[in-house]
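Open the model in your viewer and switch to a cartoon view. Keep the selection box at hand. We will go from stop to stop.

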Amino acid sequence: MFTYFLKLIVDIILSKKPKLVVELGSGISTFLTVKALEKNGDGKLISIDNDDKYAKLTRKKIGLENLSDIVKVVTAELKMHPINGQNYMWYEPSFVKEIKQNIDLLIIDGPPRIINKNARFPAIPLLNEYFTDDTVILLDDGRRKDEQNTVKLWLKELDKFKVE
């Protein structure tokens with residue numbers, strides 16, 4: 001399943017040619033995203049990770065490929081966010097200062113679901129102001145019950161989006 005998700009990321013980048021990709025959770029997907037953006041000859045990636053050790057490994061791998069000009073890997077600790085009467089542990093929001101334009105592609109593979117129920121839900125209400133009608137949102141692990149519930153909650157926040 002993970003292989004399908006990675007292929008989907010690359011296919012969307014090569015076909016839609018996004019100018020800005022934001023990724024929540026760094027790793028192999030970061031590397032493949034950057035390589036696809038490099039192939040397009042355009043676009044930037046901002047990758048957010050709550051684990052500094054993991055983020056450093058990702059930065060190192062990107063640096064070895066001389067792709068640091070395409071991606072910025074940001075470490076953001078998990079902090080409590082009250083949203084719609086619920087508390088969620090999600091990324092400390094200072095990383096949004098890196099977002100200077102609309103998000104064309106949002107890849108959601110974090111934070112880890114063990115953090116709290118619907119751990120990935122805050123992505124939509126907290127980043128919504130950077131979306132356009134054409135923003136593509138990819139959610140890893142979309143077959144898990146928790147992620148399916150998260151998508152239902154998102155649809156209440158985003159009436160103009162459709163789910164595939």
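In which sense do strand β2 and strand β3 pair, and over how many bridges? Select residues 44-49 for β2 and residues 71-75 for β3. This is a predicted model. The two strands pair in the parallel sense, over 5 bridges. For one position along the pairing, pick Ile46: Lys72 in β3 stands opposite Ile46.

Now follow the chain between the two strands. It leaves β2, passes through helix α3 (residues 52-64) and arrives at β3. This β-α-β crossover is right-handed.

**Stop two: helix α3**

Select 52-64. α3 has 13 residues. From its first C-alpha to its last it reaches 18 Å, close to the 18 Å expected at 1.5 Å a residue.

Which residues of α3 are buried? Show the side chains of Ala55, Thr58 and Ile62; these are buried. Turn the view to look down the axis of α3. The buried residues fall within an arc of 60°, so they line one face of the helix. What covers these buried residues includes α2 (28-40), β2 and β3.

Then look at the face of α3 turned away from the buried side. Lys53, Lys56, Leu57, Lys60 and Leu64 are exposed there.

Check both ends too. At the start of α3, select Asp51: one of its side-chain oxygens comes to within 3.0 Å of the backbone nitrogen of Lys53. After α3 comes Asn66, which has a positive phi, near 55°.

**Stop three: helix α5**

Select residues 145-157. α5 also has 13 residues. Its reach from first C-alpha to last is 19 Å, close to the 18 Å expected at 1.5 Å a residue.

Asp146, Glu147, Thr150, Val151 and Trp154 are buried in α5. They cover an arc of only 140° around the axis, which puts them on the same side of α5. What do they pack against? Add β6 (105-108), α4 (123-127) and β7 (136-139) to the selection; the buried residues of α5 pack against these. On the face turned away from the buried side, find the exposed residues Lys145, Lys152 and Lys156.

**Last stop: His81**

Select His81, in strand β4 (residues 78-83). Is His81 buried or exposed? Its relative accessible area is 10%, and His81 is therefore buried. Leave aside its neighbours within four places in sequence, and show its contacts: Gln86, Asn87, Tyr88, Trp90, Tyr91, Glu92, Pro93 and Leu126.

Notes:
Residues are numbered from 1 along each chain as its sequence is written. This is a predicted model: local features need pLDDT of at least 70, side-chain atom pairs count only at pLDDT 80 or more; totals for chains, interfaces and linings use all residues. Side-chain values use heavy atoms; hydrogens and water are left out. Two strands pair if DSSP finds at least two bridges between them. Helices (H or I, at least four residues) and strands (E, at least two) are DSSP runs, numbered from the N terminus. A crossover is right-handed if, with the strands pointing away from the viewer, the path from the first strand over the helix to the second runs clockwise. The expected span of a helix is 1.5 Å times one less than its number of residues. Buried means under 20% relative accessible area, exposed over 50%, partly exposed in between (1.4 Å probe, protein chains only). The arc is that of the directions from the helix axis to the C-beta atoms. Contact means heavy atoms within 4.5 Å. A polar contact is a pair of N or O atoms within 3.5 Å; within protein, one must be able to donate a hydrogen and the other to accept it, and residues adjacent in sequence count only if both atoms are side-chain atoms.
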